[in-house]
Amino acid sequence: ASRVGREGNNHRMNPSAYLYALGAVVCLASADFFLKLSSTRISGSVGTLIYAITAIAPAAIWVAWMKYRDEPLQVTNEGILTSMAVGISFSLVVAFMSLVFGSGGNLSVAAPTIRLSALVLASALGILVLREPFSFRYAFGVLLTFVGIYFIITR
């Protein structure tokens, strides 16, 4: 089985993964918040360019830190291509979110609606493409997510 397949069947997270997940939540919420604030202060295209340029700094510091600690840096052609796909995807997320906010979209409605919908789509890809486990509890969670999106949109 591939590494992805083995990880997909593991239902237990390392305890430190919860802290990493919390960090991701805080950073993602901050990104949405600052993107909304910038939407009336800079063109979406320029803001997206600045995002892309400044995104280099944390990654460069992380790589330098790993090199300093003599930790291995794995690089494969597939890894490079999929990482480029991540960069393009996130840049397009910022571009589309800029357009949403620049068009008057509310942070309190647009961000959770888009993020929750994207999470359902990503998890469906995990199940359909990566063959991660499916259960009726999962399906019920997806149903509750869509109910939540409905309540957010119609508040």
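**Exercise 1. Charge balance**

Task: count the positive and negative side chains of the chain, and state how far apart the centres of the two sets lie.

Solution. The chain carries 11 positive and 6 negative side chains. Lys and Arg count as positive, Asp and Glu as negative, while His and the chain ends are not counted. Each charge is placed at NZ of Lys, CZ of Arg, CG of Asp or CD of Glu. The centres of the two sets lie 10 Å apart.

The model is predicted: local features need pLDDT of at least 70, side-chain atom pairs count only at pLDDT 80 or more, and totals for chains, interfaces and linings use all residues. Residues are numbered from 1 along each chain as its sequence is written, and side-chain values use heavy atoms, with hydrogens and water left out.

**Exercise 2. Overall build**

Task: describe the secondary structure, the box and the surface of the chain.

Solution. Start with the elements. The chain has 7 helices and 0 strands. Helices (H or I, at least four residues) and strands (E, at least two) are DSSP runs, numbered from the N terminus. In sequence order the pattern reads α-α-α-α-α-α-α.

Next, the extent. Along the principal axes, the C-alpha atoms fill a box of roughly 45 × 45 × 30 Å.

Then burial. Of the 155 residues, 14% count as buried. Buried means under 20% relative accessible area, exposed over 50%, and partly exposed in between (1.4 Å probe, protein chains only).

Now the surface. The accessible surface comes to about 12100 Å², and 71% of it belongs to carbon and sulfur atoms. Areas come from the Shrake-Rupley method with a 1.4 Å probe; for residues, only the protein chains shown count as cover.

Last, contacts, meaning heavy atoms within 4.5 Å. Among contacts between residues at least 6 apart in sequence, 70% join residues at least 24 apart.

**Exercise 3. Salt bridges**

Task: find the salt bridges of the whole structure, then say whether the partners arginine 115 and aspartate 32 are buried or exposed.

Solution. The search finds 2 salt bridges. The criterion is a side-chain nitrogen of Lys or Arg within 4 Å of a carboxyl oxygen of Asp or Glu.

Take arginine 115 and aspartate 32. Their closest N and O atoms are 2.5 Å apart. The pair links distant parts of the chain: arginine 115 is in helix H6 (residues 107–128), aspartate 32 in helix H2 (residues 15–38), 83 residues apart. Both residues are buried. Aspartate 32 counts as buried because its relative accessibility is 6%. Outside its neighbours within four places in sequence, aspartate 32 contacts Met97, Phe101, Leu107, Ala111 and Arg115.

Now take glutamate 71 and arginine 69. Here the closest N and O atoms are 3.0 Å apart. Glutamate 71 is partly exposed, because its relative accessible area is 29%. Arginine 69, at 47%, also counts as partly exposed.

**Exercise 4. Loop residues**

Task: which residues other than glycine have a positive phi, and where do they lie?

Solution. One is aspartate 70, with a phi of about 55°. Aspartate 70 lies in the loop between H4 and H5. At 71% relative accessibility, aspartate 70 counts as exposed.

Another is arginine 131, with phi near 60°. Arginine 131 sits in the loop between H6 and H7. Its relative accessibility is 71%, so arginine 131 counts as exposed.

Add valine 75 for its position. Valine 75 is in the loop between helix H4 (56–68) and helix H5 (77–102). Valine 75 is exposed, because its relative accessible area is 62%. Its C-alpha atom is 24 Å from that of alanine 122, 47 residues apart along the chain.

**Exercise 5. Helices H6 and H7**

Task: which residues make the nonpolar surface patch, and which residues does proline 112 contact beyond its neighbours within four places in sequence?

Solution. The patch is made by Phe140, Leu143, Leu144, Val147, Tyr150 and Phe151, and covers about 630 Å². Patches take residues with over 30% relative accessible area and no salt bridge; like charges are joined within 9 Å, nonpolar side chains (Val, Leu, Ile, Met, Phe, Trp, Tyr) within 5 Å. Check one member. Phenylalanine 151 lies in helix H7 (residues 136–154). Phenylalanine 151 is exposed, because its relative accessible area is 53%.

Turn to proline 112, in helix H6. At 25% relative accessibility, proline 112 counts as partly exposed. Beyond those sequence neighbours, proline 112 contacts Leu107 and Ile152. Proline 112 and isoleucine 153 are 41 residues apart in sequence, yet 9.4 Å apart in space, C-alpha to C-alpha.
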